[in-house]
Amino acid sequence: MSRQVHESKGNQEIWVVRLVLAAALCAVIGVHGALAQPAKPATQSMPPTDSALVPGRFVDITEKVGVHFLHQAPHTTRKYLLETMGSGVALFDCDNDGRLDLYLVNGAPYSDPEPKGSIPQKTGPEYWNRMYRQKPDGTFEDITEKSGLKGVGYGMGVAVGDYDNDGYEDVFVTSYGGNRLYHNNGDCTFTDVTDQAGVAGAGWSTSAAWVDLDNDGLLDLVVLRYIKWDWNDVWCGEHKEGYRNYCHPDVFEPISMLAYHNDGHGRFTEVSHKLGLDKPAKALGIAVADYDRDGRIDLFIANDSMQEFLFHQKVDGTFEEIGLESEVAVNSEGQTYAGMGVDFADYDNDGWPDIVVTDLANQRYATYHNRRDGNFDYASNANGLAAMTLLHSGWGVRFLDYDNDGWKDLLIAQGHDLDNIERISPQLHYREPMLLVRNTGRKFVDVSPISGDIFKKDWVGRGLAIGDLDNDGRIDAVVTTNGGSAHVLHNESASNNHWISLHLTGHKSNRDGIGALVKLTTVQGSQWATVTTSGSYLSASDPRVHFGLGSSAVADRIEISWPSGIVQTLTSVQGDRQVQVDEPVVKGNQVAAAISTHQ
Ligand SMILES: [Ca+2]
Ligand SMILES: [Ca+2]
Ligand SMILES: [Ca+2]
Ligand SMILES: [Ca+2]
């Protein structure tokens, strides 16, 4: 029977429904081999929505909830590229109290000029990364010192995943000069285990992703690197006062990513060469999905000013980079662009993951529609995103259904990388408002002008993480700005639409369920989502899977294809609540316990 646990949270109540083997929920379990393919989806999908201009409402509650973070990015006369690129943000629950907590990555000081070969250090509290724990009243408490997460060096990105399957989310922080892995002690305090784990790396690391590459139940770690870079005093741009620029990436050599296989017992082995992932790149963003539905997870890498990479995982577990062949490497004119943020999600509800990549002004954000045959179509011209984004520069990006109508919309952090861009191109801007794009099911529509004051605020947007901060069924977001404040954006969109949020707990699969494919069906059609904390830019988002249900109060059917190969089906699941779903425990070929409860 289903047991409903009533929990009080702040000034509102949430229902957490734990699924026990239940007649009401009618769990039907199928067990497949590890390489079994999920059923190929039919093309049934949600009907397009009639009205295009449905306003969202995102409210900046940063001050109100007590977050006082100022990103430190020295902007020198030498125009060191490092200083305009950061930084990341993570939303995760550090103590499993049901409330998302917040982590913000920070820079470090250096001199002008800075000697070659030096690694900046955090010399004071203003340079610390910051950990904020959400309190029951929805405000945030700065627990940086207690948490052990103040970090080292010039921070860039953050990736979150429970690499040791102990039930607590662990944190990986990337930097210029070396990275850090922090093991969660279970109470929002962390232990630096980098050296034992062997994941320090070197060079300029950017985005990272936790993903179980080989489906052995342990999350592996993919760490992107940007370029080969040092504190060279290279003048780029016009040789006159005020016109010196950050150098174009073409000036620098590419560098390959690092990929760490999780060997268990807290140890990792670097396997990028062995897996075929060591192709030189200028990588900034990573997103994961099984785009060809063969049961093996694939990786999309957003590269800056070179071809974008799609790493397809082959049967033997190695990867082939097939960006050009699959038509995701360049835009519709065959040109490269400055790929920065990325998301890999099925935006047209046909069951096949599509791609969005943000880039610089005059390049237009790229969307690649999955043709279901291993190839993609550049879709931004047809779906309206190209015209909308011609003059914008985008970084953090995630699909999120802000109005819960069953169509995944887009929220994008924006701002140019050149802090003097107005002098060079007066029509472009260093500081730009965020962009909210509504997906009607047929096209993308800019609803920013009608979605609140924050879409009129000029920020140097960079990182973006999404998650339901107050568990009200509306997806919130946190945005970082370069050299400025972070912004906590509360989704207060008015809507009568229903929703459901799934908290997946893997048992044979990795505990976070990262890589699981979830298909949800209502009378209006089906939607698909891949469980992930990665995507966007330098950032880590809420691992829970959120679906808007439109006018349906009930999800008729939820099918979860776990990374282990186990397929779990739930029927008639009541919406407007969070649902805890445990992967069925399987012994041999027998289902020992279909769904178990877990705290
Ligand atoms: Ca853990
Ligand atoms: Ca695949
Ligand atoms: Ca929507
Ligand atoms: Ca919310």
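Student: Which residue is the bridge partner of Phe-58 in E34?

Tutor: Two strands pair if DSSP finds at least two bridges between them; strands (E, at least two residues) are DSSP runs, numbered from the N terminus, as are helices (H or I, at least four residues). In this predicted model, the bridge partner of Phe-58 in E34 is Asn-491. Strand E4 (residues 58–60) pairs with E34 in the antiparallel sense over three bridges.

Student: On what conventions do these statements rest?

Tutor: Residues are numbered from 1 along each chain as its sequence is written, while chains are lettered from A and ligands numbered from 1 in the order in which they are written. Since this is a predicted model, local features need pLDDT of at least 70 and side-chain atom pairs count only at pLDDT 80 or more, whereas totals for chains, interfaces and linings use all residues.

Student: Which residue stands opposite Val-479 in E34?

Tutor: That residue is His-487. Strand E33 (residues 476–481) is joined to E34 by three bridges in the antiparallel sense. The hairpin of E33 and E34 has five residues between the strands, and Gly-483 takes a positive phi near 70° there.

Student: How many residues of strand E34 are buried?

Tutor: A residue is buried if 20 or more other C-beta atoms, placed from the backbone, lie within 10 Å of its own (exposed: 12 or fewer; partly exposed: in between). By this criterion, five of the five residues of E34 (487–491) are buried.

Student: How should the two faces be read?

Tutor: In a regular strand the side chains alternate between the two faces of the sheet. In E34, His-487, Leu-489 and Asn-491 lie on one side and Val-488 and His-490 on the other, and both faces are covered.

Student: What is the order of the open sheet of four strands?

Tutor: The order is E13-E14-E17-E18, with antiparallel pairing. Strands E13 (205–211) and E18 (267–270) stand at the edges with a single partner strand each, so one side of each lacks a neighbour in the sheet. Four bridges join E17 (residues 258–264) to E18, and Tyr-260 has Glu-270 of E18 as its bridge partner.

Student: Which strand gives the most to the largest nonpolar core?

Tutor: A nonpolar core is a set of buried Ala, Val, Leu, Ile, Met, Phe, Trp, Tyr and Cys residues joined through C-beta atoms within 7 Å. The largest has 164 residues, and Ile-301 is among those with the most contacts inside it. Strand E19 (residues 283–289) gives the most to this core, with six residues.
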